[in-house]
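Reader: I would like a close look at one part of this model, namely how its strands are put together and what surrounds them. Please take it slowly and explain the terms.

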Amino acid sequence: MSNAQRSFPARIADLGFSVPLPQDWISHPLPDEMPDFSQPDLFLPLAIVTAPHSALVFAIAARPAYDDGTLLQWAHYLLQAGQMQPRTMNVAHIGNLTGFAGEATQVADLGPVVIRYAFFEDGGRLVNLTLTAPEMIASALAPLWDEMLRDFSLETPRGATTPLDIEQQSQDDANEKTD
């Protein structure tokens, strides 16, 4: 499988990005309508790319960050809202950004699927990357996912404004009190 860095222009909030993908994967048209972001689990798709002859899907979507909580709390909430069963979740580097990445399972019409996911917040923008595959072939995609995370790049990074987890938030709160 030959991968190449592919660029995707910003649809909203200066969220243009590039990510390595197999050269023969197909980018799909995206809906024009904006989601109702007052619904806390809705995202706007930024890209949907599929393998030409199998049920392998890379998707990236974004929404405004939430007003409170941590990235870890948001990730748990969104996985539950998507009816995904997390297997793993760890702090991860997504290009130059820090967030959470892991693996979850989900029941689909054609059988169980494995969803590799990553969440990060950058400048009030919450972004979710996923790579979905049937469970039978999902392990073969681990090297591609690792490359995608390592070489992901935002065109206009703004910097994280939300704590990753409760421990970081507690430390940030303590630092504010001593300032």
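Author: Start with an open sheet of three strands, in the order E1-E2-E10 and with antiparallel pairing. The model is predicted, and local features need pLDDT of at least 70, side-chain atom pairs count only at pLDDT 80 or more, and totals for chains, interfaces and linings use all residues. Residues are numbered from 1 along each chain as its sequence is written, and side-chain values use heavy atoms, without hydrogens or water.

Helices (H or I, at least four residues) and strands (E, at least two) are DSSP runs numbered from the N terminus, and two strands pair if DSSP finds at least two bridges between them. In this sheet, strand E1 (3–8) and strand E10 (153–154) are at the edges. Each has a single partner strand, so one side of each lacks a neighbour in the sheet. E1 is joined to E2 by six bridges, and the two run antiparallel. One residue pair shows the match: Arg 6 has Val 19 in E2 as its bridge partner.

After E10 the chain enters a loop that leads to helix H3 (166–178), and Gly 159 is found in this loop. Buried means under 20% relative accessible area, exposed over 50%, and partly exposed in between (1.4 Å probe, protein chains only). Gly 159 has 30% relative accessibility and therefore counts as partly exposed. Its C-alpha is 8.0 Å from that of Glu 121, although the two residues are 38 apart in sequence. Contact means heavy atoms within 4.5 Å. Leaving out residues up to four places away in sequence, Gly 159 touches Asp 122 and Gly 123.

Those two contacts lead to another pair of strands. Gly 123 belongs to the hairpin of E8 and E9, which has two residues between the strands, and Gly 123 takes a positive phi near 60° there. Asp 122 stands opposite Arg 125 in E9. Along the hairpin, E8 and E9 pair in the antiparallel sense over 10 bridges. E9 also pairs with E5, again in the antiparallel sense, over eight bridges. In that pairing Ala 59 has Thr 130 of E9 as its bridge partner.

How much of E9 is buried? Nine of its 10 residues are buried, so E9 is largely enclosed by the rest of the structure.

That brings in the nonpolar cores. A nonpolar core is a set of buried Ala, Val, Leu, Ile, Met, Phe, Trp, Tyr and Cys residues joined through side-chain atoms within 4.5 Å. The largest has 35 residues, and those touching the most other members are Phe 17, Trp 25, Phe 58, Ile 60, Leu 129 and Phe 152. At least two residues of this core come from each of strand E2 (17–22), strand E4 (44–50), strand E5 (57–64), strand E6 (85–94), strand E7 (97–108), strand E8 (111–122), strand E9 (125–134) and helix H2 (142–151). Another core, of 19 residues, lies apart from this one, and among its members are Ala 61, Ala 75, Leu 78 and Met 89.

Phe 152 is a good residue to finish on. With residues up to four places away in sequence left out, Phe 152 touches Phe 17, Ser 18, Val 19 and Pro 20. Its contacts also include Ile 60, Ile 94, Gly 95, Asn 96, Leu 97, Phe 120 and Leu 129. Val 19 in that list is the bridge partner of Arg 6, and Leu 129 is one of the core residues that touch the most other members.
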